[in-house]
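Work through the exercises below with the sequence and the structure at hand. Each task is followed by a solution in steps.

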Amino acid sequence: MPALARKILIIAALDGLILSPITNTRSRSPPSKPVPGTVKLDYKTRAITPYLQGDVTKHSDTGEHSQIEAQGIVGLLNVSPTNSFLVAITDSKQVALIKGQHPVYVITNIALIPLSSRKDAGRSIDRANAGRKPAVTDGNASDTETEIDSEEDPITPVTSITDDVRSKIDEAGRAADMSRSTSIGEDVIGKKGAYGRFTEKWFSKRGWTADRRRASGMSTISADGDKKPDDNLQKKPENQPAPPTTEGDIVQGERAEDAVEDSDKGPVEQKSEEVAESVKETVTHSLTPKLLHTTKLILAQSRSFYFSYDWDITRSWAQQMSQTEEEKAASASTPLHKKVDPLFFWNKHLQKAFIDSDSHGFVLPLMQGFVAQTTFSATTSTEDKDSDTVPAISAAGDAAAAASPEGTEATATNEPVPEPPVRTSTDSLAPSSKQDLILTLISRRSTKRAGLRYLRRGIDDSGHVANSVETEQLLATDSWDRCFSYLQIRGSIPLFFSQSPYSLRPRPVLLLSDEHNAAALAQHFANLHERYGKVHIVNLVEDHGSEAVVGDKYRDFVASYNDRVGADNKVGWTWFDFHRECRGMRFENVSRLFSTIGPELDQISFTFTLGKENPEIKQHQAGVLRTNCMDCLDRTNVVQSGSARRALESQLKLLNVSLPPGGTTFFNLLWADNGDAISKQYASTAALKGDFTRTNKRNLQGALTDFTLTVTRYFTNIISDFFTQAAIDFLLGNVTSQVFVDFEAEMRTSDPSVSLRRVRENAIDVSRKIVVADENEQLLGGWTFLSPHEPGEVKGQMTEKVLLVTEKALYMCAFDFSLEKVVAFERVAVEAVKQIRWGAYITETFAQSQLDEQRNCGVVVAYEKREEGRERRWAFKAMPAGNGVEQGKVEREVVREAVEVIKGVCQRAEVKEEDVVGAEEAKRETGLVQRWGYAVKRLVWA
């Protein structure tokens with residue numbers, strides 16, 4: 001496939017940013033001429049065009065230029081027509097090595113470069129450079145400069161900046177130097193990353209002893225028998241999965257030691273005010289600084305976005321190994337972004353400008369989720385086997401049956417997994433007493449219905465569910481000539497339901513009709529069947545109490561679905577009440593579940609390939625296990641790790657190797673870190689029950705930790721999640737920048753994946769069928785409007801109601817959208833309508849958008865109630881047009897359309913275009929307490 005730019009020089013030129021691929025990483029000087037693939041990103045038009053001019057370093061008005069070296073481009077963040085930012089990857093860490101030659105990285109830092117002017121862009125670049133680690137001199141250049149697969153060292157800033165900026169950098173450097181010891185030994189050890197992989201290995205925090213013992217085939221255990229992990233590894237940093245201790249060389253960007261090294265950088269921790277300072281003159285909306293800060297938190301500080309330059313991490317091992325020779329040949333000339341799975345291509349919307357301009361060398365696909373890798377050694381059998389004869393894939397028995405009394409050893413360094421020596425598939429595994437193996441875990445979070453815990457639950461109209469994650473466990477020999485792949489998935493219960501974020505244990509509320517739920521659930525399982533084949537469900541929610549409300553419906557809809565489909569498409573069902581079965585912290589009782597579903601797991605099995613250069617698939621995984629609880633986090637983590645352990649033990653049998661009882665610490669740590677990462681992305685905290693996943697033991701300390709995490713989740717859910725959800729939707733392209741205008745007014749956003757237009761059209765149709773008794777009464781128009789809860793009022797609490805107009809009457813229907821039922825309605829004959837008054841309808845005055853008369857418009861229909869002998873009125877305010885990418889008409893146009901229809905049938909009614917509630921009147925009605933309340937909410941949420 002066409003090569004991606006692994007190093008990019010970004011230069012703030014006079015009329016745009018110059019993006020130039022770096023082909024010679026040893027050179028510290030900018031290229032005198034544009035290299036092939038260089039493009040210019042125009043400040044004014046945001047157009048991306050090939051840059052073919054002369055010396056790029058002289059393309060400025062003063063000869064001075066600001067520039068930064070990036071490891072990739074995330075895309076363009078277009079906040080408004082005049083406010084855009086280039087998002088570039090400035091730091092990353094290698095977390096895995098696929099097939100010994102394809103590195104995978106996690107993003108650890110990004111730069112947000114404004115496109116408002118050269119001055120603003122240069123200021124942002126200079127700030128990004130100033131915050132990075134000290135440059136490596138040419139005399140001490142490490143392998144990082146020639147091998148992109150070693151990202152332990154930071155990219156050296158390639159800068160030519162003004163004296164003023166340089167003096168500030170020097171001052172900051174001198175201040176930092178004065179605050180620490182400057183002895184040679186401490187300097188070398190403290191800056192080991194800057195001197196290359198050799199010194200990092202030898203001057204590691206564990207020193208030479210651990211390496212010497214490891215090289216001798218000894219475990220890294222002290223003489224007294226206790227493991228001596230680094231103290232830093234015992235502290236799990238905030239917003240990062242807990243790190244491993246000594247067993248299992250888990251290479252990932254989430255470790256505490258990495259966080260300690262990164263703490264010296266500074267830019268990851270900088271505040272939103274610092275991020276946005278360089279563009280404060282161009283900020284068009286008050287929430288832009290918060291958006292920039294949140295974007296950096298999501299893309300960089302979360303350490304949850306991964307990429308590879310030459311390996312498709314979005315597709316499973318089986319998918320990539322199943323390609324025919326023709327497909328492989330076609331793939332070789334196809335850009336990576338055209339081959340990745342769109343379901344896991346997280347920055348596709350941000351990359352649209354580069355894709356449309358055919359700048360394929362800059363389109364680096366990102367995947368959110370988790371990637372980590374560990375190496376370990378297992379004892380092999382002394383019985384010689386002909387490895388060319390692939391052993392039969394036998395059904396796995398009880399998990400304990402795979403255990404062996406032999407020893408095991410796991411390495412525990414901080415280096416990326418080195419490329420193992422090549423061995424052909426004809427080499428026998430038997431002669432060696434130990435077999436080196438590599439375990440890789442890849443979790444892929446879906447872009448569909450993406451978001452946070454209580455703001456994204458259940459399913460959408462297209463069959464996509466919240467917290468949908470595909471997790472693949474790869475077990476390979478050190479030469480990758482034998483590889484096993486085991487896939488599992490998790491996802492929210494595929495029904496329409498919601499839960500309030502304002503309760504510690506909120507009761508689930510079912511939404512929409514049974515027909516609507518059945519259709520969405522059927523689409524969901526049709527999608528899964530097409531992607532994975534046979535599906536077996538493990539439902540872990542309680543079968544009593546509040547969770548049973550949605551659990552019972554789930555069971556009934558699955559049974560109904562199975563009755564309608566053929567035998568090949570039926571889904572398996574197991575309901576395991578985790579809390580009841582494992583009460584009293586007896587999580588080991590989860591083994592009862594695997595005793596029940598063992599036969600189904602044996603049928604699903606796993607994928608097995610033989611050969612390194614052109615692997616041959618000897619067995620395909622024949623289905624997938626779908627696990628869910630309410631959040632699909634804590635209980636799901638325990639069950640998924642148990643299922644993966646079962647698969648691992650079966651695979652080790654096929655390799656003729658074994659592990660002793662308790663010899664899977666490396667496995668426990670890997671899966672515990674995966675659970676923490678998935679939990680932080682969805683619930684903003686580490687996973688509950690993590691102590692059991694790590695140690696296979698449950699104790700009081702773990703229960704207390706879970707309580708603390710539960711409280712933390714609660715406050716996060718009600719404070720920061722609302723804006724973060726809006727930012728996620730915006731980054732994915734699900735909504736426009738209008739979402740932030742609406743957020744400032746309402747302090748919340750709607751769910752763009754649920755088609756409100758479809759829901760409202762359904763409400764109109766259901767209302768018509770129920771309230772219009774005369775079949776000959778033709779419907780002329782129907783709308784959903786906001787209307788005061790109290791009849792006859794113009795002000796007060798607003799609820800959504802349905803207005804129907806026929807040639808004989810007007811109908812106002814109170815509609816329950818969660819149950820899709822008409823609660824009550826009132827009918828008014830057209831002859832009784834006396835006046836139609838429409839215009840500005842201002843109900844709140846806190847945000848500027850609430851004072852916009854085009855967006856805040858309504859109509860009042862006055863009519864005579866003959867039996868009461870007095871005049872009454874209905875008040876309707878237009879619903880917000882929405883912030884989705886497919887917005888409807890402007891609110892005032894919707895009201896005008898309704899007025900024209902009503903006026904056409906109510907010939908005697910007086911029509912007046914005047915304010916229903918004007919801005920001045922609304923301001924007078926807004927009390928001091930209301931203003932204080934909004935100010936507090938804005939302080940907390942915005």
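**Exercise 1.** Determine whether D729 is buried or exposed, and find the salt bridge between D729 and R456.

Step 1. D729 has 3% relative accessibility and therefore counts as buried; buried means under 20% relative accessible area, exposed over 50%, and partly exposed in between, with a 1.4 Å probe and protein chains only.

Step 2. The model is predicted: local features need pLDDT of at least 70, side-chain atom pairs count only at pLDDT 80 or more, and totals for chains, interfaces and linings use all residues. Residues are numbered from 1 along each chain as its sequence is written, and side-chain values use heavy atoms, with hydrogens and water left out.

Step 3. The side chain of D729 meets that of R456 in a salt bridge, 2.7 Å from N to O. The criterion is a side-chain nitrogen of Lys or Arg within 4 Å of a carboxyl oxygen of Asp or Glu.

Step 4. D729 belongs to helix α21 (residues 721-732) and R456 to the loop between β12 (434-445) and β13 (469-477), so the pair ties together parts 273 residues apart in sequence. Helices (H or I, at least four residues) and strands (E, at least two) are DSSP runs, numbered from the N terminus.

Step 5. R456 is also buried, at 3% relative accessibility.

**Exercise 2.** Find the salt bridge that D765 forms, and state where both partners lie.

Step 1. The partner of D765 is R768, with the closest N and O atoms 3.1 Å apart.

Step 2. Both residues lie in helix α23, 3 residues apart, which is about one turn of the helix.

Step 3. D765 is partly exposed, with a relative accessible area of 28%, and R768 is partly exposed at 32%.

Step 4. By the same rule, the count comes to 36 salt bridges. A network of them links D543, R580, E581 and R592.

**Exercise 3.** Describe the open sheet of 8 strands and the helix that packs on it.

Step 1. The strand order is β26-β25-β24-β23-β29-β28-β27-β30, with mixed pairing. Two strands pair if DSSP finds at least two bridges between them.

Step 2. β26 (821-829) and β30 (910-913) stand at the edges with a single partner strand each, so one side of each has no neighbour in the sheet.

Step 3. From one strand to the next, the twist averages 30°. Axes are lines fitted to C-alpha atoms, for helices over the stretch in contact, and angles run from 0 to 180 degrees between N-to-C directions.

Step 4. Helix α23 (residues 756-771) packs on the sheet and touches β23 (779-788), β24, β25 and β26, where contact means heavy atoms within 4.5 Å. The direction of α23 makes about 55° with that of β24.

Step 5. β24 (residues 798-806) and β25 (residues 809-816) pair in the antiparallel sense over 5 bridges. L804 has Y811 in β25 as its bridge partner.

**Exercise 4.** Locate the strands that pair with β19 and place T609 between them.

Step 1. β19 runs antiparallel to β14 (residues 482-490), joined by 4 bridges, and antiparallel to β20 (residues 616-619), joined by 3 bridges.

Step 2. T609 is the bridge partner of C483 and stands opposite I617 in β20.

Step 3. Both faces of β19 (residues 607-610) are covered: T607 and T609 on one side, and F608 and L610 on the other, are all buried.

Step 4. The hairpin of β19 and β20 has 5 residues between the strands, and G611 takes a positive phi near 110° there.
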